[in-house]
Amino acid sequence: MKKADILVLDFGSQYTQLIARRLREQGVYAEILPFNVSLADIKAKEPKGIILSGGPASVYARDAYFCDKGVFDLGLPILGICYGMQLMAHHFSASVAPAGHKEYGKATIEIQKDSALFKNLPKKQTVWMSHSDKVENLPQGFEVLATSENSPFCVFANEEKKFFALQFHPEVQHSEFGKNILKNFAKYACNCESVWNMGSFAKTQTEKIREEVGSDKVLCAVSGGVDSSVVAALLSSAIKKQVIVVFVDNGLLRANEREQVEFMFKNTLKTDLISIDASEIFLSRLAGVIDPEQKRKIIGNTFIEVFEQEAKKHSDVKYLAQGTLYTDIIESSVIGASKTIKSHHNVGGLPEKMNLKLIEPLKEIFKDEVRVLGLELGLSKEVVYRHPFPGPGLAIRIMGEVNRPSLELLRQADVILLEELKSTGWYDKTWQAFCVLLNVKSVGVMGDNRTYDNTICIRVVDASDGMTATFSHLPYEILENISRRIINEVKGINRVVYDISSKPPATIEWE
Ligand code: XMP
């Protein structure tokens, strides 16, 4: 069994994988296990430390999640985060109750006592809170390390046992020194060394793919995005002659996308590509459907149907490879105790029964890690730094029914947005940029005439892994140009609005 430096026990937080990846960034190999894993399985991994993640439950609720209590007797350093903190407090007989004042977003903490956790860090720092319960008194044997305005017990520890508890989430980007806190825990409390890197990841995945596939064939579904292109590159280097690369035009693509993807695979990636036009079947199944989850499920199911039909045309195809990322999995909630946010087409949108077995080498990592891996595998910067584009495509950017006229309106507006961002250098500065057709009509005046037309919403966000995001602060002049061009050039649009919400509490895509 593969050993892990740090084990993260998952209590269902949206951010659990972020904990593991922050540690990977510091060269520490971390593995995630479900919260109820047996003590024997934990011991078999020979970890140097344990992290208890956050989670949506309450420790005092009837359906609370508990790990094996023996975890606290292993003699290992433990870091409890949010729910993990409350669990630690509860275990050591402190009281946890609903907070009168729920705390979401930024807060400032003030360090009260020196500790390994805060080594070389400033006394005051910004952190990211997301909790509705609070610890009411200090557990016996623990002392306060840091306070916040709302919490006298924001960080506490039993230094002798190396048990640390944080009310905030150090793993999210908005916690200013969160990464350093996790590093300090790994380095000073657990004595971990920094030796892991993306090269080790590529090597382990290559071995895993070869072992699993044997002499069978793999159908590799690509979209032109970085994730599936990296999977195709990984498979090509691991089992070149056994890979069949397939691209499906689902009728929900952006303008000229199909041609661009075909060109990219032929010329940049030098890979044979089977291109299938399935737009008719996707669009007919989506006719009249307005519920976002239903749209996603129809699209996920139809993709698989098309792949399976293609697989039958070749001999010995037993596997379907997809560029599923951890973000897709956590939001679709197919692991642990997490809540469903949206069913990503390649995860929660899949049919219950499939003839092909899935291969998803990227399912434990994040987009920016995929980009590093892509460069490592020799993909061009152009491919690696393309904005993400979701599998369900424009269907989840049209509120309400998806039909050809709406798709056409959206495509035209989208072309203008991307042109303007590319020509001003903002495309490369942002994580993702797209238009949403709101299906909201409003009154306008053009020339001397009244119009009653559609509204386009522009969504441009900054993010590093898509788990959290903030709206991009585009200069007003650029926004003005985009708005003017869309209204002047796209017939049927008379109003443009800019989405200024962050994720959370919004998400990046509208559906
Ligand atoms: P959300 O909307 O969940 O999006 O904040 C996070 C990132 O994931 C992309 N996304 C998807 N990608 N299949 C995909 O391949 C999907 O079903 C899907 N849904 C969202 C989204 O574009 C953003 O980059």
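In this predicted model, a polar side-chain atom of Arg 296 lies 2.7 Å from an oxygen atom of the ligand. The ligand sits in the largest cavity of the structure, and the protein buries 93% of the 490 Å² that the ligand exposes when taken alone. The points below describe the contacts of the ligand, the residues around it and the cavity that holds it.

**Polar contacts of the ligand**
- Besides Arg 296, Lys 503 has a polar side-chain atom 2.8 Å from an oxygen atom of the ligand.
- In the side chain of Glu 509, an N or O atom is 2.5 Å from an oxygen atom of the ligand.

**Residues around the ligand**
- The ligand is surrounded by 16 residues, and those that come nearest are Arg 296, Glu 331, Lys 342, Ile 508 and Glu 509.
- Sorted by class, this shell consists of five nonpolar, six polar and five charged residues.
- Domain 2 (198–385) and domain 3 (404–498) each contribute at least three residues to the shell.

**Cavities**
- Across the whole structure, a search finds four cavities of 30 Å³ or more.
- The volume of the largest cavity is about 820 Å³.
- A total of 44 residues line the largest cavity.
- Among these lining residues, Asp 227, His 345, Phe 389, Pro 390 and Gly 391 lie nearest the centre of the largest cavity.

Terms used: Residues numbered from 1 in each chain as written. Predicted model: local features only at pLDDT ≥ 70, side-chain atom pairs only at ≥ 80, totals over all residues. Heavy atoms only, no water. Near = heavy atom within 4 Å. Polar contact = N/O pair within 3.5 Å; in protein donor to acceptor, adjacent residues only side chain to side chain. Areas by Shrake-Rupley, 256 points an atom, 1.4 Å probe, with all protein chains shown as cover. 1 Å grid on protein atoms, 1.4 Å probe; cavity = no way out; pocket = protein on both sides within 12 Å on 5 of 7 lines; lining within 4 Å. Sits in = over half its atoms within 2 Å of the grid points. Nonpolar A, V, L, I, M, F, W, Y, C, P; charged D, E, K, R; others polar. Domains from an automatic or database assignment. Points joined across faces, edges and corners; volume = space filled by probe spheres on them.
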